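User: I would like to go through this structure step by step. Could we begin with one of its sheets and move on from there?

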Amino acid sequence: MKLAVIGAGYAGLAAAVELAAAGRAVEVFEASRVLGGRARAAEIDGVKADNGQHILVGAYRETLRLMRAVGANPDELLRRTPLRFEFPGEFLMSAPRLPAPLHAAGALLFARGLDWREKWAALRLMRGLQAGSFRVEPDITVTQWLDGNRTPPRQRRFLWEPLCIAALNTPAERASAQVLAHVLRDSLGGNREASDLLLPQVDLSALFPEPAANFIARHGGAVHRGRRITSLRHAGGGWQIDDGGPFAQVVLAVAPYHLASLVPALAPEVAHFEWEPIVTSYLRYPATVRLAQPMLGVDAGLAQWLFDRGALCGQAGLIAAVISARGRHLDLPAEELERGIHREIARVVPNLPAPLAVQTIAEKRATFACVPNLRRPVARTALPGLWLAGDYVAGDYPATIEGAVKSGVGAARGILGA
Ligand SMILES: Cc1cc2nc3c(=O)[nH]c(=O)nc-3n(C[C@H](O)[C@H](O)[C@H](O)COP(=O)(O)OP(=O)(O)OC[C@H]3O[C@@H](n4cnc5c(N)ncnc54)[C@H](O)[C@@H]3O)c2cc1C
């Protein structure tokens, strides 16, 4: 009997690629015509951009491995730069090109905008995590963890809190210190390449989903776009997907808020999840406008990070401003938010002209809120031959591309070993 995957986000496609690579024909059903789910291409003012600016890091090993497997060369499609955290005029941390662990120590010790006491405190914090094998037991919030380590205020404001919100999409006062510790283990605590920033130079559908779909087709499978599945039933020893089937095994790779309508029995697995938004405003300026760096932090602004899409993907003059998690920005009308972001860009770009066009995309349920001790479902369900894949499935990572890909690979390996 055939295999099926429902949902062609990064998790579903990772599962399908892994199955196809093992010689199994797999059919993928995706509701949208665009592949990639929450990390997909979107048209902005006639230009191909994304539903939200994404960052990958060198620690995304499974994502990079699968990109290579499907013929999407990460060295060409991603711009790799050493870790650089910059809030102009306030703080700059960049990882020197030194072997691990000197790159992390060097980044903290040579950070600009912290005094020596604060630098030592940051190093002590990392050393403490390393000594405890990056375990935070019992899990607490990042704020409680920083309080417990008597972390100085500037270090929180420019390092740990922005890192937490960027990686976990959850404010420090609600975020899991354990999950942040996992992220630090695999990035700053890993080898030098692991902490590199990887900024997409193509849209997020072209980065992996489209090459993955081609790979699946070349290996005897198929990706059906515009096919929203409405019914999934177990009958006669297999699964019926709408009027197709039977399928021996199915990977359900939809976002958690779409689970219940397809398999009501799974609803309690995710009923306790809460969601955090991510807002991306794209401001298009004349092509001569550029940022001093491809990625800049905004201190105490409406925006948190600015990305120069001219430097990244040749879209000269297009600036993406990202705001993660809940906050005061959600109460503002779009025009007011966009005017505020324009003023923040003007702080770092002298003589900034008015934008030629502005568009904001708010993803209201961008990720689950990554709170301490969150109970996450495992890939293998109690239903025969039904597997879950997605960024929310049990794992070390917060809701990220790498978390999604790892879960897809995990579900596929479960099927292959079953
Ligand atoms: C704006 C934004 C910014 C982000 N920034 C980052 C970042 O910088 N770095 C990072 O690593 N991560 C980031 N993330 C998180 C990352 O995008 C997600 O964790 C990841 O894409 C989730 O993938 P997934 O496959 O688990 O789920 P999804 O992408 O949600 O995929 C589920 C798929 O299932 C489909 N589907 C649903 N119901 C059905 C149905 N009934 N029939 C058929 N198909 C169905 C959907 O259309 C969708 O394509 C960001 C997310 C957002 C929204």
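**Sheet, ligand and selected residues**

Analyst: Certainly; please keep in mind that this is a predicted model. Strand β14 (residues 275-284) and strand β17 (residues 318-324) run antiparallel, and seven bridges join them.

User: Which residue in β17 is the bridge partner of Val 279?

Analyst: The partner of Val 279 is Ile 323. Another bridge pair is formed by Leu 283 and Ile 319, the latter in β17.

User: And how many bridges pair β14 with β18?

Analyst: There are nine bridges between β14 and β18, and this pairing is also antiparallel. Among the residues involved, Thr 280 has Ile 361 of β18 as its bridge partner.

User: What is the order of strands in the whole sheet?

Analyst: The sheet is open and has five strands in the order β15-β16-β17-β14-β18, with antiparallel pairing. At its edges are β15 (295-297) and β18 (357-368), each of which pairs on one side only. From one strand to the next, the twist averages 20 degrees.

User: Which helix packs on the sheet?

Analyst: Helix α14 (residues 334-348) does so, touching β14, β15, β16 (305-308), β17 and β18. The direction of α14 makes about 65 degrees with that of β14.

User: Is β14 mostly covered, or is it mostly open?

Analyst: β14 is mostly covered, as seven of its ten residues are buried.

User: New topic: the ligand. Which residues come nearest to it?

Analyst: The ligand has 34 residues around it, and the nearest are Glu 30, Arg 38, Ile 55, Tyr 60 and Asp 391.

User: Which backbone atoms are close to its oxygen or nitrogen atoms?

Analyst: A polar backbone atom of Ile 55 is 2.7 Å from an oxygen atom of the ligand. For Ile 229, the distance from a polar backbone atom to a ligand nitrogen atom is 2.9 Å. A polar backbone atom of Ile 401 is 2.9 Å from an oxygen atom of the ligand.

User: How much of the ligand does the protein cover?

Analyst: On its own the ligand has 1000 Å² of accessible area, and the protein covers 93% of that. The elements that give two or more residues to the surrounding shell are α1 (10-21), β18 and α15 (401-417). Strand β18 therefore appears in two parts of our discussion, as an edge strand of the sheet and as a contributor to the ligand shell, by the strand definition used here.

User: Next, where are the cis peptide bonds you can point to?

Analyst: One joins Glu 137 and Pro 138, with omega about -5 degrees. Pro 138 is in the loop between α5 (116-131) and α6 (142-148). Another joins Gly 245 and Pro 246, where omega is about 5 degrees. Pro 246 has its place in strand β13 (residues 244-252).

User: What about residues other than glycine with positive phi?

Analyst: Phe 134 is one of them, with phi near 60 degrees. Phe 134 lies in the loop between α5 and α6, as Pro 138 does. Asp 45 also has a positive phi, near 50 degrees, and is found in the loop between β3 (41-44) and β4 (47-50).

User: Why does Phe 134 count as buried?

Analyst: Phe 134 counts as buried because its relative accessibility is 7%, and the limit for buried is under 20%. Asp 45, at 36%, counts as partly exposed.

User: Let us turn to Ser 195. Where does it lie, and is it buried or exposed?

Analyst: Ser 195 is in the loop between α8 (177-186) and β9 (197-200). Ser 195 is buried, with a relative accessible area of 2%.

User: What does it touch?

Analyst: Leaving aside residues up to four places away in sequence, Ser 195 touches Leu 83, His 103, Ser 187 and Leu 188. In addition, the side chain of Ser 195 reaches the backbone oxygen of Arg 192 at 3.1 Å.

User: One last residue, Glu 269. Which helix is it in, and what does it touch?

Analyst: Glu 269 lies in helix α12 (residues 267-270). Not counting residues up to four places away in sequence, Glu 269 touches Arg 375 and Pro 377. Glu 269 is partly exposed, as its relative accessible area is 30%.

User: How far apart are Glu 269 and Ala 59?

Analyst: Their C-alpha atoms are separated by 29 Å, and the two residues are 210 residues apart along the chain.

Notes: Residues are numbered from 1 along each chain as its sequence is written. This is a predicted model: local features need pLDDT of at least 70, side-chain atom pairs count only at pLDDT 80 or more; totals for chains, interfaces and linings use all residues. Side-chain values use heavy atoms; hydrogens and water are left out. Two strands pair if DSSP finds at least two bridges between them. Helices (H or I, at least four residues) and strands (E, at least two) are DSSP runs, numbered from the N terminus. Axes are lines fitted to C-alpha atoms, for helices over the stretch in contact, and angles run from 0 to 180 degrees between N-to-C directions. Contact means heavy atoms within 4.5 Å. Buried means under 20% relative accessible area, exposed over 50%, partly exposed in between (1.4 Å probe, protein chains only). A residue is near a molecule or strand if one of its heavy atoms lies within 4 Å of it. A polar contact is a pair of N or O atoms within 3.5 Å; within protein, one must be able to donate a hydrogen and the other to accept it, and residues adjacent in sequence count only if both atoms are side-chain atoms. Accessible areas come from the Shrake-Rupley method with a 1.4 Å probe; for residues, only the protein chains shown count as cover.
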